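Visitor: I am new to this structure, and I would like to learn how to read its features one at a time. Could you take me through a few of them?

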Amino acid sequence: MPGNDGIAVDGFTGALMAVESFDGVVTVLHGPGGCRNYHTFLSSHCYPRKEPDNYRKYSQRYFFWNARMPCTYMDENDYINGAEEKVEEILQAVKDVDGGVAVFIKSPGAALIGDNINDVIARMGYSGSATAIEESLISQPFSASYDRTVASILEWRRPKKRAAKKGTVNILGLPITTRSWADSLAELRKLLELCGIEVAASPGAGCSLEALDASVASEANVMVCPEYGTRTAELYEREYGIPCIVSEAGAPVGFDATEAWIVNIASRLGKDPSAALSYVASQRARAFGIIDKLIYNQRTKCCRFAVSADSSILLPLAKWLYGYLCMMPVYLKVSPGEDVACAKALSVFLEETGLGGTLTKGLAESEPYFVFADGHLAETMRLTGVCKAGVDLSAPDLSNVDFIPKPVMGALGAMYILDEIFGSL
């Protein structure tokens, strides 16, 4: 896809956010303090977990009054002589303060000096409750790194094989950087429960280690965004024989893709999707009633829009805006680490609609009315006058505060997107 607008988040951040997605796990950053600041803020924004006594509890060395991502604060001497002593100290500090599981992530610079953190962990007798992702993932796309890290944690845990429990699934491929990811998870869980399907775990999205261990007894995995879950799904299938159900329509974004996601899962598991489809239909009818009474309900026709997002989100969103609201795509940019099937389906859609040759300009030159992207890019484009309105799909986002659910996925996600569109015309 043309255009180089926006800066993609790297794989180092992907690894950190993946570890932060697990409940009861402490992400330990092995590197200089400068690598900590932004990431602690981003993590706290995506997955708030602050408690009233945090300031006092985390006032000691390596934490420095912040519960998230204690850091070894490497200096020039550590880069020359190694920093295993600091690894030992911070590991003991984490155990004393939190008592939970610790997962070490190395900064790009720290990865070069050769500290073997897993050897330190074993020497201290913590191999069952601490591990290190020794691989440096900064050169990987954010989504691929996120997926690899979730898979690495599952591989480290090595839950024992269990008999499959019929009618249970795990939700894969929903990162905590998705806007209102917890609300999206609740919406998807509701849709599956209406089909008589129980969600056992959601690795990568607020999953506890106990739930991760129990997840190997699920009948199947269901994919949301393949970019964030394919490697994890392959591990489940290879080690535990659990198949993964992936929708050809992409992630459940918009009414059409949500219905396709439901039908695909229900048919594979032999479940009745009618109750879930009725729920989506009720939201679709409600949306129609609201749009129909608006005096400007035709203003979306030929309204120009741009999308910068993961391929599994961009595909259903672009198709839905074009087919449902008659909006015109003028700029589509797939984030690094695209899903091959979704990217191919997007190309087919553009060729079939005669739009393949129209997307040749950059974001600013395409003059969109709407920009659908991460919150930072969407707001920047609005403030600089590139577009009239930005619609937030994911982090980083430093401006929005939501007191009501505003998910991106499912029927409620469709309502959020419609609310943003018609509230900005």
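**Reading loops and pockets**

Guide: Let us begin in a loop, keeping in mind that this is a predicted model: Glu367 lies in the loop between helix 14 (340-352) and strand 12 (370-374). This residue has a positive phi of about 55°, although it is not a glycine.

Visitor: Is Glu367 buried or exposed?

Guide: A residue is called exposed when its relative accessible area is over 50%. Glu367 has a relative accessible area of 56%, and it is therefore exposed.

Visitor: Which residue in the loop between helix 7 (142-157) and strand 5 (165-172) should I look at?

Guide: Look at Arg158, which is found in that loop and has a positive phi of about 45° although it, too, is not a glycine. With a relative accessible area of 58%, Arg158 is exposed.

Visitor: What should I notice about the peptide bond from Ala395 to Pro396?

Guide: That bond is cis, with omega near 5°. To place it along the chain, note that Pro396 lies in the loop between strand 13 (389-394) and helix 16 (410-422).

Visitor: How does one find the empty space in a model?

Guide: A probe the size of a water molecule is rolled over the atoms, and this shows where empty space is left. In this structure, the largest pocket has a volume of about 750 Å³. It is lined by 33 residues, of which Ile7, Val9, Asp374, Ala395 and Pro396 are the closest to its centre, and so the two residues joined by the cis peptide bond appear again here.

Visitor: Which elements give two or more residues to the lining of the largest pocket?

Guide: They are helix 2 (37-46), helix 7, strand 10 (304-309), strand 12, helix 15 (375-383) and strand 13. The largest share, 3 residues, comes from helix 15.

Visitor: How do the residues of that lining divide into nonpolar, polar and charged?

Guide: In the lining of the largest pocket, 19 residues are nonpolar, 10 are polar and 4 are charged.

Visitor: What volume does the second largest pocket have, and which residues are the closest to its centre?

Guide: The second largest pocket holds about 580 Å³ of space. Among the 23 residues lining it, those closest to the centre are Arg49, Asn54, Tyr58, Ala67 and Arg68. Strand 1 (22-23), strand 2 (25-30) and helix 3 (54-57) are the elements that each give two or more residues to this lining, and the lining of the second largest pocket divides into 9 nonpolar, 6 polar and 8 charged residues.

Conventions
Residues numbered from 1 in each chain as written. Predicted model: local features only at pLDDT ≥ 70, side-chain atom pairs only at ≥ 80, totals over all residues. Heavy atoms only, no water. Helix = DSSP H or I, 4+ residues; strand = E, 2+ residues; numbered from the N terminus. Buried < 20%, exposed > 50% of the residue type's maximum accessible area, 1.4 Å probe, protein only. 1 Å grid on protein atoms, 1.4 Å probe; cavity = no way out; pocket = protein on both sides within 12 Å on 5 of 7 lines; lining within 4 Å. Points joined across faces, edges and corners; volume = space filled by probe spheres on them. Nonpolar A, V, L, I, M, F, W, Y, C, P; charged D, E, K, R; others polar.
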